[in-house]
Amino acid sequence: MQKPIDVLSQALQSKKIPVKVESEGRASIEVEKKDLVQVAKVLKDLGFDHVKAVTGIDYPDQGRIQVVYHVSSYSDVNLAKVIVALKTWTNYKELEVPSLMEVWKSAWTGERETYEMLGVKFSGNPDMKRLFLPEDFEGVYPLRKSYKIKTEGLFVDRPS
Amino acid sequence: MMNLLFDLRYYVLYPSFFNSVIYPGLIFTAILLLTTIWFERKAAARVQMRVGPYYASKRLGGFMQLIADAVKFVFSEVIIPEGVNPTLFALAPVLAVAMSFIPLSIIPVSVIPPSGSVFSIYFRDFYDPNIGMGVLTGLFVQYNMLLILAIESMYPVFVIFVAWVTNNRFAIVGAVRESYLSVSYDVLLIMATLSMSLEYHTLDLAKIAQSGIPGILANPVAAIVFFIAMLMGSARFPFEIAEAETELVLGAYTEYSGFLFVLTMAGSYVGNLVYALVFTDMFLWGWYPLSGFPGALLTGLKASIVVFFSVFLRAVYGRYRIDQALRGGWKYLLPLTFVSLFIGLVVGYIWIP
Amino acid sequence: MTDQAEELMKSGGMEIDVIPVSGELNVGPQHPGSGHLRIYVRLNGDIIEEAQVEPGYVHRAVEKLGENRNYIHLIPLVERPAILDSIHMNLGYIMAVEKILGVDVPDRAQYLRSFAAEISRIASHLYGMGILAIFIGHSTGFMWGFGDREVWVQILEALTGARITNSYVIPGGVRRDLTPTIVEMTRKAVTYMRRKIKDWENIFLNNPNVKARLQDVGIMTREQAIEWGAVGPNLRGSGVYYDVRKVEPYAAYSRLDFEIPVYKEGDGYARTLVRFEEIQQSLNILEQIIRDIPEGQILSDRFFKQIPPTRLKKWWEGQRRVVMPGYYASFRPPKGEAVTRVEAGRGELLYYVVSDGSAKPYRLRMITPSYRSIYVMQNLLKGVRYADLVSIYGSLDYFPPEADR
């Protein structure tokens, strides 16, 4: 029997989507922002039916933020062994990524959190507002590297 | 001097005073209330692998804990929320509790024999022509079954009043639930009572109890319906729907604190005792075959057991949803009351003179 | 039905106006039924028209703090979101770190990880059951849940030295070895729990009142569960066969024999039954572990060799514990990233750790089971009765601190 990861990489390569197989259960796809929804739809057709996590990673030296969707499958027992990381980049200048809500509803929580923590807008997500942070939170986007944690106390004398 | 003592005894034991203030009125009810809450906590703790009240008076099994709690509540601040009418806010729970106490002075707790009892001197004043004996009750009315239920059915009105006065959303939702429930359980109570009155050809509780035929045998269906309606009416589990802590904080009493909170809590327990006394008279023989003061004690004992049983259900059940309770009331219990009505007619015709 | 009534009234010369009774309720954060969570509810009569779940009241910024601490210092931190299920929180993170480091874990340590994890799962389920019980007013279930949990917490205490926040799993193995006392305690606890489950069935599961509150309440179909990304028992209660222990076995699960309970109904009662059967499966697993556990090291050789011989003699030979080797103090794993998942008590727990070669993670992403239940709950609350809010909340076993992280 063919391994699910091989089936996946063949299927994706036939669609000209570059896929990087990392191990038996992990693969990653790096796509341009504009192709994100399209690739997501391909993945959905393959049987990937939910988003596990939406992660934003800030790279200030490159001036851009990486958005990673970890997707996998519930309905297909074999595909469930694989987690695919769907990665895309967005510039500081236009921090906007198309939302994958139309493909996977389960991206809702992660996209909202990434919006409030890193300031990446997901166009198409109906709830682009704060989720965890209080309304009067000062200093926007705490998960950016430029946000320094304020430490206080008697023995704090050097900046962290 | 002797005269004075005799006079004093006369007035203290005069049923209108004795029944409404000492037994089963204020004083007895207050003690029973504490005991009930203590029992409720202790029995639930037993089921739930806990100890319950313990440290305040270890020898009494923590009985004094309730008194300590009461003292604490009396001295804690009564917070009156902004935007309410303070007079009405303070008055509402007092009225509710007062309302729940009134039926206690009408419920017959025993009969007075013509001689041989401490109460025999009042024989003539409280003479009941239906049974040919005096009745130990605060105010004797021949139609006391109706009167008790009528007064007790006023209680939910005051609960709604309490909620309306506090102007809190959770309270309003609680009051709405209470009003839905009260409509449904009042019908059940009245139907069960009606079937008993048809069966015993009377509206006098004393006659039912004194007849010597226990209602629970004569009409078990009515007893079941009455008991369930009693649980609904006094907000016991599984019908503690109007207070539902995890949903409505405390329902109508959400905003109350300090001593006013104690009053709101007391109301439902007193209501429970009233229903339990009626249940005892109607279905459990009441004082029969005793009379006078021992008879009154027997009635109180039976009623206490009924109250204890109904509070113990807390350890067994959760709470139903309001629509489930209403559906149960209207769809299943109401037809059951028709059955009990029928049983009442037939059995009353055949068996009961 | 209302229309008919209205027609009838009109024909009889009467008219009624049906006025919709609507209003908003703030359930929480200061509310006995909400926990550290605010649920904004718009009611129409008794029906919830719209519910907005607003978490964040116990947000501890684990992800941000994670970027500012050494890898080893993060162990206590990642446990904090769910201190009642801390073994799993710890395990998932350590697995990610091990993956980046490329460490192999000895067999005995793998078994011990499963052992601790299953105890943690039982305790977590009992806790969830207790909360569900008090949500629907069943105080006995609440007290029993917490009382029976105590047994398992005490075993964890004997094994790890702490009741909660155990910090038991470390890179390359575990901190302490199993002792005969713990084996004996586990045997007793398994027997006790089996007996207790019968009592639970009598007073809770088969209680008509509990059934009435849970059956056909908060129904989540299989499709909905997949679409909303439900996890753990909630997912399996909707008929999806998915458990990380089977899909991607970690620790010793590939060598253990157990079943995954799945129910098709998708209502609150099915979710509760799944939890109960998982407790029973966990008991079986525990028995297998104490029977089959192999002898050997509990820490990877790579780290074990670094422990000084004098300390080794005192702690390992004396008390069957390992002390932290110096390597841990500020190790720098190679560049890379790792995604790990474990089946925590409440469902799948995902860690995504990105390392840039420094002593601190570049990015630590922690997706807890309750975090993924936020969206599920928000959707399930639409159109239900107000009283079912707590029933659904409880049956999802949503734990606010875990969701907020």
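User: Why is B:Ser57 called partly exposed?

Analyst: This is a predicted model. In it, B:Ser57 has a relative accessible area of 23%. Buried means under 20% and exposed means over 50%, with partly exposed in between. The value of 23% falls in that middle range, so B:Ser57 is partly exposed.

User: What makes the backbone of B:Ser57 worth a remark, and where does the residue lie?

Analyst: Phi of B:Ser57 is positive, about 65°, although the residue is not a glycine. B:Ser57 lies in the loop between helix 3 (26-47) and helix 4 (64-75) of chain B.

User: Why does C:Asp216 count as exposed?

Analyst: The relative accessibility of C:Asp216 is 62%. Exposed requires over 50%, so C:Asp216 qualifies. Its phi is also positive, near 60°, in a residue other than glycine. The loop that holds C:Asp216 runs between helix 8 (208-214) and helix 9 (222-228) of chain C.

User: How do you know that the radius of gyration of chain B agrees with a compact globule?

Analyst: The rule is 2.2 Å times the number of residues to the power 0.38. For 353 residues it gives a value near 20 Å, and chain B has 21 Å, which agrees. The C-alpha atoms of chain B fill a box of roughly 60 × 55 × 45 Å along the principal axes.

User: What is the outcome of that test for chain C?

Analyst: Chain C has 405 residues, for which a compact globule would have a radius of gyration near 22 Å. The value for chain C is 24 Å, so it agrees with the rule. Along the principal axes, the C-alpha trace of chain C spans about 100 × 50 × 35 Å.

User: What share of each chain is buried?

Analyst: For chain B, 56% of the 353 residues count as buried. For chain C, 64% of the 405 residues do. The cut-off is a relative accessible area under 20%.

User: What makes up the accessible surface of each chain?

Analyst: Chain B has about 15000 Å² of accessible surface, with 72% belonging to carbon and sulfur atoms. Chain C exposes about 14400 Å², and carbon and sulfur atoms supply 50% of that area.

User: How many charged side chains does each chain carry?

Analyst: Chain B has 19 positive and 19 negative side chains, and the centres of the two sets lie 10 Å apart. Chain C has 50 positive and 49 negative side chains, with the centres of the two sets 10 Å apart.

User: Where does UniProt place the "transmembrane region" features of chain B, and what is the secondary structure of residues 20-39 and 256-277?

Analyst: The unreviewed UniProt entry places them at residues 20-39, 183-203, 215-235, 256-277, 297-317 and 329-352 of chain B. Residues 20-39 are 85% helix and 0% strand, with end C-alpha atoms 24 Å apart. Residues 256-277 are 91% helix and 0% strand, and their end C-alpha atoms lie 29 Å apart. Chain B as a whole has 15 helices and three strands. Chain C has 17 helices and eight strands.

User: What makes the peptide bonds before B:Pro238 and B:Pro289 cis?

Analyst: The evidence is omega. From B:Phe237 to B:Pro238 omega is about 0°. From B:Tyr288 to B:Pro289 omega is near 0°. B:Pro238 sits in the loop between helix 11 (220-233) and helix 12 (245-248) of chain B. B:Pro289 sits in the loop between helix 13 (258-283) and helix 14 (292-312) of chain B.

Notes. Residues numbered from 1 in each chain as written. Chains lettered and ligands numbered in written order. Predicted model: local features only at pLDDT ≥ 70, side-chain atom pairs only at ≥ 80, totals over all residues. Heavy atoms only, no water. Helix = DSSP H or I, 4+ residues; strand = E, 2+ residues; numbered from the N terminus. Buried < 20%, exposed > 50% of the residue type's maximum accessible area, 1.4 Å probe, protein only. Areas by Shrake-Rupley, 256 points an atom, 1.4 Å probe, with all protein chains shown as cover. Lys, Arg positive; Asp, Glu negative; His and termini not counted. Charge placed at Lys NZ, Arg CZ, Asp CG, Glu CD. UniProt positions renumbered as here; feature names shortened; annotations may be inferred.
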